[in-house]
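Here are my notes for a colleague opening this entry for the first time. Please read them with the model on screen.

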Amino acid sequence: MKHSNKKTIALRLAPLVLALLLAGCGMQDLYTQLSEQQANEMVAVLRNAGLSADKELREGQTFAVLARESQFAKAIAVLHASGYPHASFDSMGQVFKKEGFVSSPLEERARLIHAQSQEIANTIAHIDGVVLARVHLALPEKDPLADKPHPAAASVFIKHRAGKDLSGSVGQIKALVVNGVEGLPYDNVTVALFPAEPWPENVPALAAVPGERPMDMALMALAGGGAVAALGGGLMWALRRRRAPQRAAADARAKRELAVKSPAPKGA
């Protein structure tokens with residue numbers, strides 16, 4: 001009886017153990033509200049780093065990037081080192097979108113400076129190897145009474161991939177900025193280059209199945225083995241339970257036949 005109770009408890013706990021084993025193989029959202037292009041690029045970066053990742057279509061024709069829960073921290077670190085998700089830039093049309101209100105000259109000037117810096121930063125961000133770009137413009141107001149106008153200035157911040165040398169492109173980057181801002185001298189443009197952090201160490205290599213880690217595959221194999229063992233144990237227990245009455249009847253019949261065939265003791 002006790003043996004039967006142990007089997008019953010084991011069968012009831014088997015689904016719980018299986019669920020816990022599969023929990024380590026679940027997928028978790030990394031980023032949402034992404035365009036399809038950016039989601040594809042992020043998934044490619046993660047898979048090239050040896051991590052399991054995928055994209056999923058969500059409401060509003062936006063996408064989400066998912067990774068395994070066990071790889072969540074490393075996936076975030078890899079994307080951060082690669083400059084993802086990319087910052088969004090405002091275009092001229094977005095900055096100067098008419099909303100029914102009359103803007104003051106100061107507001108219009110601030111919008112113009114912001115739009116110019118956004119457009120130039122967006123252009124620089126498309127250079128191969130650039131992870132992040134920021135452009136800050138200092139455009140003094142024109143004073144008609146001043147003998148000599150104050151020159152404009154610009155500073156460019158660039159975060160680039162580790163191992164990518166952009167020092168040879170500084171002159172071209174400065175030329176882009178100068179030609180995009182009226183009255184900006186070439187010597188008043190400063191370009192600062194900063195390498196991004198390398199990918200985190202001990203990123204696992206791709207296993208036999210693309211996107212799977214050895215530990216994930218081991219967990220899945222263990223979970224599958226546990227499920228097969230639980231199913232097999234359940235079938236054996238059910239089969240033995242069904243055959244128990246038949247065995248009891250057969251044992252009783254054998255005892256009766258033995259009693260009939262056995263001679264009665266003398267002197268009874």
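**Notes on the strands and a helix**

1. Strands β5 (residues 153–160) and β6 run parallel and are joined by seven bridges. One pair to look up is K159, whose bridge partner in β6 is F194. Keep in mind that this is a predicted model.

2. Helix α6 (residues 170–180) packs on the sheet. Helix α6 touches β5 and β6, and its direction makes about 130° with that of β6.

3. The sheet is open and has three strands, in the order β4-β5-β6. Its pairing is mixed. The edges are β4 (130–138) and β6 (189–195). Each has a single partner strand, so one side of each is left without a neighbour in the sheet. From one strand to the next, the twist averages 15°.

4. Now turn to the hairpin. Strands β2 (residues 53–57) and β3 (residues 63–68) run antiparallel, with five bridges between them. D54 has L66 as its bridge partner in β3. Five residues lie between the two strands of this hairpin. In the turn, G60 has a positive phi of about 75°.

5. Does the length of helix α5 fit what its residue count predicts, or depart from it? Helix α5 (residues 105–125) has 21 residues and, at 1.5 Å a residue, should span 30 Å. Its end C-alpha atoms are 30 Å apart, which agrees.

6. The buried residues of α5 include I113, Q116, I120 and I124. A110 is also placed in helix α5, but A110 is partly exposed, because its relative accessible area is 45%. The C-alpha atoms of A110 and L139 are separated by 9.9 Å, with the two residues 29 apart along the chain.

Conventions
Residues numbered from 1 in each chain as written. Predicted model: local features only at pLDDT ≥ 70, side-chain atom pairs only at ≥ 80, totals over all residues. Heavy atoms only, no water. Helix = DSSP H or I, 4+ residues; strand = E, 2+ residues; numbered from the N terminus. Expected span 1.5 Å × (residues − 1). Buried < 20%, exposed > 50% of the residue type's maximum accessible area, 1.4 Å probe, protein only. Pairing = 2+ DSSP bridges. Axes fitted to C-alpha atoms, helices over the stretch in contact; angles between N-to-C directions. Contact = heavy atoms within 4.5 Å.
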